[in-house]
Amino acid sequence: MSEIKKIKNLKEFSTSADRFEGANLLCPGCAHSIIVREVLNATNDDLILAASTGCLEVCTAVYPYTSWDASWIHIGFENGSSAVAGAEAMYKALKTKGRLKQPDRVPKFVAFGGDGATYDIGFQWISGCFERGHNMMYVCLDNEVYANTGGQRSSSTPIGASATTTPAGRVSYGEKKNKKDMMGIMAAHGAPYVAQVAPNKWKDMVAKIQKGFAAEGPVFINAMSACTTEWKFAPEDTIAISDLATDSLVFPLYEIINGTELNITYRPKNIIPVRDYLGAQGRFKHLFTKQYEYLIDEWQTRVDKEWERLQRREEARV
Amino acid sequence: MADTMELRDIEVWDGNMAASQALRQVQVDVVAAYPITPSTPIVENYAGFTANGYVDGEFVMTESEHGAMSCCIGAAAAGGRVATATSSQGFALMVETLYSASGMRLPIVLNVVNRAIGAPLNVNGDHSDMYMGRDSGWIQLDSYCPQNAYDLNFIAFRVSEDHDVRLPAMVHQDGFMTSHTAQGVHTLTDEAAYNFVGQYKPMNDMLDLDHPVTHGVQTEEDWHFEHKARQQHALMTAVLPKIQAAFDDFEKLTGRKYNIVEAYDMEDAEVAVVCMGTSVETAREVAEEMRAQGIKAGVVGIRVFRPWPLEQLAAVLKDVKAIAALDRSSPHGTVGALFNEISGTLFNTDTKAVLTNYIYGLGGRDLTKAHLVSIYTDLKANADAGKVTTPLQQYIGLRGPKLSFF
Ligand SMILES: Cc1ncc(C[n+]2csc(CCOP(=O)(O)OP(=O)(O)O)c2C)c(N)n1
Ligand code: SF4
């Protein structure tokens, strides 16, 4: 196995590999680019990458330019996972046949997809890849919305968020369903490693990505990706909003090993109210009215319960 | 290394086995597939080869045909020989990815065992799926029997992987009629088959770790047009000469001669049917019988459906007086695909032939010799009159009231 990259501090980390250029068309403040950099910089290994149709794809490979200094492929919205699985299969085949050009190097295979590509349309393909056990990492850039097409709901959109296809209005508070439990579903595939990460907790993210790369088999990473445009906050607040998400436990950071062993990897010293997280974003603005305020309490109850559930699972080691 | 298999000079294979054996002999690096009747045995046979050590690439049984072709695209971009097989609904599910494969200029070979597309659900053969793929930028080669299915796979790999071409290729065969009918197939040795296609030469391969590449970029109005034009240019100019060269070499190797357009008795033909698949062979028999009755009948089989062989076809049809385009697909809303292609081909030529369209064999219905006799009789009437005296489009072998168009 290749050596695990040692990372001293954020400054060194952020400049330690330049396989994803700052030159891209993502919105200023987009967390996608921060996450991608953190994933790529976590390793010095060669990378073979895929992206599904979505913000990351349309903003980073506009012919004749590319932001990627590693082999990269995009096919469609739903099949980034299968593209990487195919490349990984070819790697294995050429290795068996002794035809690899650099036989002593072992590339890592990574697919990126938005939550729409992952939770919804691409779900079948991802499930197939995970069931077959390809040696690959799938990273979901979870901004809880179809951002590239202008902010429609996905099955990751949280309850009460206003999206263009579930807008808040006089008789609606917006999205009516709870976010799909993608972590649970992917762990249930028996994947060796499944983890939830956030870009503000970069050390935690690096540790998880490195663990994921060290695992044999398909690895799922759900990365919270704050979207300045659709969540409606100022571009310079991406990390602050991400802090609110992890510190309110709206987006808890944990990992599931071999489908069973759950570890919570970040416990905020001061847990902040969910209200603070919701209040910082335009998509939840309507909840702060008399009519819908009860939903904020419901949100808090749900987050508390989920935290309780995660802690119990961690204790129970099942 | 994969074990070689000792084949007899002639093996009794159905079309599916013929295709599977060709995939084995060219030692495909990645086969990603999903089962669907009637192409399923292709991947089952291949799985058997894998289980017995006759192939040493990767065999990936995906969760769907869309996943299979997506996997093939990723594998081809990674840099190796890639193949899969499908039919009908599976083909339809693949369509989005077919455009990606050709747009990214990736060599992939797809064996299509032609079958009707539902509704109504039907597992038997017609050409609806072949026609659905006709604008997807793939090379499309058509077999009339298991021998063709075997041979054309070698042609497909060789042309598709040629660096001047770099376009994916389909090899078609008729569902059940070819895919499940065993016939004697003249074989190549494993070595001769592999050498005919040659070892895969990668180009812009993602696995060349020192030279990263970007596949499947975004273009809008600024570049999309140029990309598509270049793709079309390669398809229309590079492919037919490469196919011809491959046919010539194949003839040297095996003695079996293939033509881009297969013309039978066309030198002095007054009337001709143009068709594809197994019906070509039936039509040949009937044409001979018609000649015994004094009707100068000929048959044109389309061997290369894409790129469409404009010049070759125009040359073959130059002197005929009446032509029947036989389409094994319901065109829905227009004349049949072959009718359209032929009329477009002849429009700027001096040919004054009368052209009519026959829809036959949908969902596996037989095309009998009697049907062809009636078609040739119609053609003779049109040739003698020098104009269309029969309906423009007729259904052949349809039960119930006669339906026609015009
Ligand atoms: C088959 C198909 N359906 C729909 C689309 C349109 N489409 C492109 S990107 C996109 C949304 C992407 O959302 P997500 O996956 O969440 O990624 P994000 O843009 O938010 O990063 C949609 C609906 C498409 N390209 N292909
Ligand atoms: S819309 Fe959101 S996800 Fe898309 S580029 Fe902008 S900030 Fe990033």
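In this predicted model, ligand 1 is held in view by a polar contact from D115(A): an N or O atom in that side chain sits 3.3 Å from an oxygen atom of the ligand. The backbone of chain A joins in as well. A backbone N or O atom of A117(A) lies 2.9 Å from an oxygen atom of ligand 1, and a polar backbone atom of V145(A) is likewise 2.9 Å from a ligand oxygen. Counting everything around it, ligand 1 has 18 surrounding residues, and the closest are H32(A), C55(A), G116(A), A117(A) and V145(A). The site is shared between chains, because residues from both A and B surround ligand 1.

Ligand 2 has a shell made up of L26(A), C27(A), C30(A), H32(A), C55(A), N143(A), A147(A), C227(A), T228(A) and T229(A). Sorted by class, that shell comes out as six nonpolar and four polar residues, with no charged ones. Two names turn up in both places: H32(A) and C55(A) are listed among the closest residues to ligand 1 and also belong to the shell of ligand 2.

Now for the contact between the two chains. The size of an interface is often given as the accessible area lost when the parts come together. Here chains A and B bury about 3600 Å² between them, with 58% of that on carbon and sulfur atoms. On the chain B side, L207(B), L209(B) and Q218(B) lose the most area to chain A, and together they account for 19% of what that side buries. As for head count, chain B puts 49 residues into the contact and chain A puts in 44.

Polar pairing runs across this interface too, with 22 residue pairs in polar contact, both partners at pLDDT 80 or more. The elements of chain B that give two or more residues to the side touching chain A are β3 (58–61), α3 (65–78), α4 (88–103) and β9 (214–215). Of that side, α3(B) supplies the largest share, at nine residues. Split by class, the chain B side holds 20 nonpolar, 20 polar and nine charged residues.

Side chains of opposite charge can pair when their charged atoms come close. Over all chains, the salt-bridge count comes to 41, and seven salt bridges are found across the interface of chains A and B. One salt bridge joins E63(B) and R132(A), with 3.2 Å from N to O. This pair crosses between chains: E63(B) is in the loop between β3 and α3 of chain B, while R132(A) belongs to helix α6 (residues 123–132) of chain A.

The two chains also meet in a sheet. Strands of a sheet pair through backbone hydrogen bonds, either parallel or antiparallel. In this case an open sheet of nine strands, with mixed pairing, follows the order β10(A)-β9(A)-β7(A)-β8(A)-β4(A)-β3(A)-β1(A)-β2(A)-β9(B). Its edge strands are β10 (261–264) of chain A and β9 of chain B, each pairing on one side only. At the chain B end, strand β2 (residues 71–73) of chain A runs parallel to β9(B), and two bridges join them. There, I73(A) stands opposite H215(B). At the other edge, four bridges link strand β9 (residues 254–257) of chain A to β10(A), and these strands run antiparallel. Within that pairing, I256(A) has L262(A) as its bridge partner in β10(A).

How values were computed
Residues are numbered from 1 along each chain as its sequence is written. Chains are lettered from A and ligands numbered from 1 in the order in which they are written. This is a predicted model: local features need pLDDT of at least 70, side-chain atom pairs count only at pLDDT 80 or more; totals for chains, interfaces and linings use all residues. Side-chain values use heavy atoms; hydrogens and water are left out. Contact means heavy atoms within 4.5 Å. Buried area is the accessible area (1.4 Å probe) that two parts lose on being put together, summed over both. A salt bridge is a side-chain nitrogen of Lys or Arg within 4 Å of a carboxyl oxygen of Asp or Glu. A polar contact is a pair of N or O atoms within 3.5 Å; within protein, one must be able to donate a hydrogen and the other to accept it, and residues adjacent in sequence count only if both atoms are side-chain atoms. Ala, Val, Leu, Ile, Met, Phe, Trp, Tyr, Cys and Pro count as nonpolar, Asp, Glu, Lys and Arg as charged, and the others, Gly among them, as polar. Two strands pair if DSSP finds at least two bridges between them. A residue is near a molecule or strand if one of its heavy atoms lies within 4 Å of it.
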